[in-house]
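I opened my notebook for this one and jotted things down as I looked them up. Here are the entries, in the order I made them.

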Amino acid sequence: AGNEGVRYAKALDTASGALRAVGTGDQLKGIISNLVEHTHRMVEQNRAANARLSESGDEIATLKARMAEVREEALKDPLTGLVNRRGFAESMTAAMRDAAEDNTPLSLLMLDIDNFKQFNDQHGHQIGDQVICLVADCAKANIKGRDTASRYGGEEFAILLPNTNITGAKQLAEQIRKAVANQKIVRKSTRQQLGTVTVSIGVAQYRPGESDEALSARADAALYVAKNGGRNQVKGEAPLRREMALR
C-alpha cells in the first residue's frame, strides 16, 4: 500500500507538470486517462489492504482470546478447577496491595486434609482424588465475592479472604471444616461407604507492610498448631485491636 501510494504521488506530479504544458485536447485526454488509471489502481490497492487489515484484526482478536484461555488454564488446577499455586500467588499480591491501599482487612486460611496419605494408600489414588475434589467443593461452596480458593499443593489448600478480619475468617474456616466432616466418602463403582475425612485449618490476618511469605508462614504456623493439637480443628491468631468485622 505504501509503495502504491508513492507511485500514485509520482503520477500526480507528472500529470501536474504535463498539464502546465498541455497544448491540445488529445494531450489533455491522455493525461486524464493516465490519472484515472492510476486512481483506479490506488483504489483497488486500498480496498485490498483494508480487507487484509480486517482479516488481520480478526486473527489478532482470536489470538488474544486464545492467549487469555491458555493463561487461565495455566493458572488453574486441572483436578479441582481451583486456581493453582501460581494463580494464587498473583491473587495474593493483588489482594495485599488492595488491603494496604484501602486500609481493609485481609485474611488467609491454610487448610490440610488430615491423614490424607494414609487414606490414599488404603483406598487408592482415585478415591484420593475424589476426596481432594470433595474438599475443593466445600471450599467453593462457602466462599463468595472476591474470595479466592486455591489448591496450594497435594492435599493442601489456601483460601484468601479480602475485606475479612481474623474473626470472620475463623468463622468461615469453621464452616468449611464442618462441611467437610459431614461429607460421606463413597466408592462410586461399588457405592461402598468409606467413612469421612477431616481437615485442619490455620488462620492469619495480613499485617500492613509484611510480605506474602510472612503472611503464609503465620497461617502455616497456625495450621501446624491445629495438626499437632489433634487435627479436625481451626487455629488462628488472636483478633487485632480496632478491627471491624466486615464479612
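Entry one, the pocket. I looked up the second largest pocket of this predicted model and found a volume of about 160 Å³. I then listed its lining: His123, Gly124, His125, Gln126, Ile127, Gln130, Arg187, Lys188 and Ser189. Which element gives the largest share of that lining? I found that H5 does, with four residues. Sorting the lining by character, I counted six polar residues, two charged and one nonpolar.

Entry two, the helix pair. Since H5 had come up, I checked how it packs against H4. H4 covers residues 116–123 and H5 covers residues 125–142, and their axes lie 7 Å apart at an angle of about 140°. Antiparallel would need an angle over 145 degrees, so I noted H4 and H5 as oblique to each other. On the H4 side, I wrote down Phe116, Phe119, Asn120 and His123 as making the contact. From H5, the contact residues are His125, Ile127, Gly128, Val131 and Ile132. I sorted this set too: five are nonpolar, four are polar and none is charged. A nice overlap for my margin: His123, His125 and Ile127 belong to this contact and also line the pocket.

Entry three, the whole chain. I stepped back and found seven helices and seven strands. From the N terminus, I read their order as α-α-α-β-α-α-β-β-α-β-β-β-α-β. How does the radius of gyration compare with that of a compact globule of 247 residues? I noted 33 Å for the protein, where such a globule would have one near 18 Å. Along the principal axes, the C-alpha atoms fill a box of roughly 110 × 55 × 25 Å.

Technical notes:
Residues numbered from 1 in each chain as written. Predicted model: local features only at pLDDT ≥ 70, side-chain atom pairs only at ≥ 80, totals over all residues. Heavy atoms only, no water. Axes fitted to C-alpha atoms, helices over the stretch in contact; angles between N-to-C directions. Parallel < 35°, antiparallel > 145°, perpendicular 65-115°, else oblique. Contact = heavy atoms within 4.5 Å. Nonpolar A, V, L, I, M, F, W, Y, C, P; charged D, E, K, R; others polar. 1 Å grid on protein atoms, 1.4 Å probe; cavity = no way out; pocket = protein on both sides within 12 Å on 5 of 7 lines; lining within 4 Å. Points joined across faces, edges and corners; volume = space filled by probe spheres on them. Rg over C-alpha atoms; globule rule 2.2 N^0.38 Å.
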